[in-house]
Amino acid sequence: MNRLCPGCATRRLQMDDAPCGLCGRVNRVLAPRPRETMHPLAQMVRSLLRPLGWPAHAITLVACGFAIWAMALHWILPFASFLFCGVLLSWLLAGAIWAIRLAARGAVWLFQPATRTVSRPGGRGFLVLPLCVAALAFLNWFDLPLRVAFRLSQPALERMARAAPGAPPAFPPRVRRAGLYHAHWAGFGGKRAVIQVTDSMFIFSGTLAGFAYCPQGWDAAAAVFVPKFQREDVAKTRLSKDWYWWEIRLRD
């Protein structure tokens, strides 16, 4: 059916904005939109072949943030805690997005040879997650998040350790905030101080941890753990001249 100008019903409408030669009326005629006939599975594959956008990279950065936070506690995470759930869920989500999108590209390249010459942008976006994992592995190898968090918290930890001479052998400290950490238990003996920065929830992870101030050496400070813990259960990492990070693997 031919479409005629509604002004004069004489001139046949063209696919342009030229005014009618008889009545001068401008009739905007748009081309009909093609009907979408793509199969839902094909639509899903097409969406998976798109480049990784900023939401995927944002999820990866959030996962890295949780990982660095966990490394500041030497990966001693209580089960069902906010930090444990954040590390687990964020990395599962980031890994699933990365793997599914990359698998979709690989499947199309493998099973549709005709599409191998099609340029698919966004390939460099798949390098973000592996580079983040490599950077986190480097930080974890040298305990950099733990050491940086300790340096930021050292003034508060030293103020708590100076209370040792007038403090009982073991007590919950009044000032529980020690920089970036939360002190739950403190043991003192002479110039030695042991500060626990984990609570009872960490028992579910099988490990307790904290900081130890021992200017006379670790052997002298280890006596502060007795009788609460056995000395042979304590693992230590030296952070500075007088400070150690300690961990105690709880026995069954």
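Helices here are DSSP runs of H or I with at least four residues, and they are numbered from the N terminus. With that in hand, let's walk through this predicted model, starting at helix α1, residues 40-48, where Arg-46 is found. Arg-46 is partly exposed, because its relative accessible area is 42% and the partly exposed class lies between 20% and 50%. Arg-46 also has a partner far along the chain to look at: Ala-104 is 58 residues away in sequence, yet the two C-alpha atoms are 9.2 Å apart in space.

Now step back to see the whole protein. Its secondary structure comes to 6 helices and 8 strands. Read along the sequence, these elements follow the pattern α-α-α-α-α-β-β-β-β-β-β-α-β-β. Of the 252 residues in the protein, 36% are buried. The protein exposes about 15900 Å², and carbon and sulfur atoms supply 63% of that area. If you take the contacts with a separation of 6 or more, residues 24 or more positions apart account for 51% of them.

Phe-126 is a good place to see such a meeting of distant residues. You will find Phe-126 in the loop between α3 and α4. Its relative accessibility is 6%, and since buried means under 20%, Phe-126 counts as buried. Leaving out residues up to four places away in sequence, Phe-126 touches Leu-52, Trp-98, Arg-101, Leu-102 and Arg-105. For Trp-98, which is 28 residues from Phe-126 along the chain, the C-alpha separation is 6.9 Å.

Moving on from that loop brings us to α4, residues 128-141. Does its length fit its residue count, or not? Helix α4 has 14 residues, which at 1.5 Å a residue should span 20 Å; the C-alpha atoms at its ends are 20 Å apart, so the two values agree.

Which residues of α4 are buried? They are Leu-129, Cys-132 and Leu-136. Looking down the axis of α4, you would see these buried residues fall within an arc of 60 degrees, so they line one face of the helix. The general rule behind this is that an α-helix has 3.6 residues a turn, so residues three or four places apart point the same way. The buried residues of α4 pack against α2 (54-71) and α3 (82-111). On the other side of α4, Leu-131 and Trp-141 are exposed.

Trp-141 leads us to the surface. Together with Phe-138, Phe-142 and Leu-144, Trp-141 forms a nonpolar surface patch with about 480 Å² of accessible area. Within this patch, Phe-142 sits in the loop between α4 and α5 (144-161). Phe-142 is partly exposed, because its relative accessible area of 43% falls between the 20% and 50% limits. Just after α4 you will also meet Asp-143, which takes a positive phi of about 55 degrees.

Asp-143 then carries us to a strand. Thr-237 lies in β7, residues 234-238, and Asp-143 is among the residues that Thr-237 touches. The others are Arg-147, Tyr-244 and Trp-245, again not counting residues up to four places away in sequence. Is Thr-237 buried or exposed? Thr-237 is buried, because its relative accessible area is 18% and the cut-off for buried is under 20%.

How values were computed:
Residues numbered from 1 in each chain as written. Predicted model: local features only at pLDDT ≥ 70, side-chain atom pairs only at ≥ 80, totals over all residues. Heavy atoms only, no water. Patch = residues over 30% accessible without salt bridge, like charges linked within 9 Å, V, L, I, M, F, W, Y side chains within 5 Å. Areas by Shrake-Rupley, 256 points an atom, 1.4 Å probe, with all protein chains shown as cover. Salt bridge = Lys/Arg side-chain N within 4 Å of Asp/Glu carboxyl O. Helix = DSSP H or I, 4+ residues; strand = E, 2+ residues; numbered from the N terminus. Buried < 20%, exposed > 50% of the residue type's maximum accessible area, 1.4 Å probe, protein only. Expected span 1.5 Å × (residues − 1). Arc of directions from axis to C-beta. Contact = heavy atoms within 4.5 Å.
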